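Biologist: I am new to this structure and would be glad of a close look at a single part of it, with some account of how far the model can be read there. Could you take one helix and follow what surrounds it?

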Amino acid sequence: MEEKKAGSSLDELMSSFNTRIAELQELVVARNMYPATSITDLSAVDVALKAMEFQLQAVKDRLRDETLAIPKAKNLIDASLRQQKKLQSMSVYVPSFLPERPSVTNLETNRCLLPEFSKQDPGVGSIKLEEEPAALPKEKKGRGSPPLWYITANELDSLSSYMRGRLTLEKVNAAINDMATYAEANAQLITAPRKKLAENLWDKALEIRDIAMTEAVKGKYFFLENDIKGPALKLDNTGKAILTVLRHLGRLSETRIGHNRVIILLKP
């Protein structure tokens, strides 16, 4: 019986060795199946993992910066809201339309200004033109430009609906800009030398100078009803309504000198 047991144990031991040897052989075959690509694949996985770690760290850094910037953004928003309130309170006193007054105030007048002696014939002696009227007293240098006294939205709203009609703040202030242009053109005619005026402007210049010497107009900027030629102010129903509104708001006054209706610009 003992001999049978010993033989059975030896058989089991040999079977166990055979099984282990078979497993080792399979492992060797598996290891050598892809010897060239196994290391490369593992390296690629390692590189990809490191790249993902770097990206994750960059996201964390970005989130931290954004979190730190939130208080600064809140302070900036509060400051912007305060500034907005200040600007809104200031806008109540500023007209919504502020047209720029052109530096060349009357194109027609400037086109007619001639260079000195431009029309003299060099072969003939100069002909003495009619004598100029006595020169007007020189105005003070501090006179400045024509007044641009724009109206505000509150002033326009204070008018009755009948007087205001369909007028807008932009239309009225654009007309004020035109009136300053007319007045400055007349001021140029008053001060321009005789030899620099074209013949077709000389009669008007004499008329304007006579009006400027009257007591009601002296020292003030003015224009005639005939000067009204746009672009914003015209002698139509809208233009007449604008003149009525501006006269009511104290921006201008009117007088009649001879056959001319003279409109005088007032200062604040």
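**One helix and its surroundings**

Modeller: Over residues 103-107 the pLDDT, which is the predictor's confidence in each residue on a scale from 0 to 100, stays under 50, and for these residues the model has seven contacts (heavy atoms within 4.5 Å) beyond four places in sequence. Over residues 111-142 the pLDDT is likewise below 50, and this stretch has 28 contacts beyond near neighbours in sequence. Where pLDDT is low, the predicted coordinates should not be read in detail. For the whole chain the mean pLDDT is 78, with 72% of the residues at 70 or more.

This is a predicted model, in which local features need pLDDT of at least 70 and side-chain atom pairs count only at pLDDT 80 or more, while totals for chains, interfaces and linings use all residues. Residues are numbered from 1 along each chain as its sequence is written, and side-chain values use heavy atoms, with hydrogens and water left out.

The chain has eight helices and three strands, where helices (H or I, at least four residues) and strands (E, at least two) are DSSP runs numbered from the N terminus. Along the sequence they follow the pattern α-α-α-α-α-α-α-β-α-β-β. The helix I would choose is α6, residues 169-191, which gives eight residues, the largest share, to the largest nonpolar core. Such a core is a set of buried Ala, Val, Leu, Ile, Met, Phe, Trp, Tyr and Cys residues joined through side-chain atoms within 4.5 Å; buried means under 20% relative accessible area, exposed over 50%, and partly exposed in between, with a 1.4 Å probe and protein chains only.

That core has 25 residues, and those with the most contacts inside it are Ile151, Met179, Phe223, Ile228, Leu233, Leu243 and Leu246. Besides α6, the elements that give two or more residues to this core are α8 (237-248) and β3 (260-265). Apart from it lies another core, of nine residues, including Ile211, Ala212, Phe222 and Leu224.

Within α6, methionine 179 counts as buried because its relative accessibility is 2%. Leaving aside neighbours within four places in sequence, methionine 179 is in contact with Phe223, Leu233, Leu243, Leu246, Leu252 and Leu265. Its C-alpha atom is separated by 8.4 Å from that of phenylalanine 222, although the two residues are 43 apart along the chain. One of its partners, leucine 243, touches Met179 in turn, together with Ile228, Leu233, Leu252, Arg261 and Ile263, again setting aside neighbours within four places in sequence.

The packing of α6 against α8 has an angle of about 85°, with the axes 10 Å apart; axes are lines fitted to C-alpha atoms, for helices over the stretch in contact, and angles run from 0 to 180 degrees between N-to-C directions. The two helices are therefore roughly perpendicular, a term for 65 to 115 degrees, where under 35 is roughly parallel, over 145 roughly antiparallel and the rest oblique. Here Lys171, Val172, Ala175, Ile176 and Met179 of α6 meet Ile242, Leu243 and Leu246 of α8.

On α7 (residues 199-212), the axes come within 9 Å of those of α6 and cross at roughly 100°, so α6 and α7 are also roughly perpendicular to each other. Asn186, Leu189, Ile190 and Thr191 of α6 make this contact with Leu201, Lys204, Ala205, Ile208, Arg209 and Ala212 of α7. Lysine 204, in α7, is partly exposed, with a relative accessible area of 30%. Beyond four places in sequence, lysine 204 is in contact with Asn186, Leu189 and Asp227, and its C-alpha lies 8.2 Å from that of leucine 189, 15 residues away in sequence.
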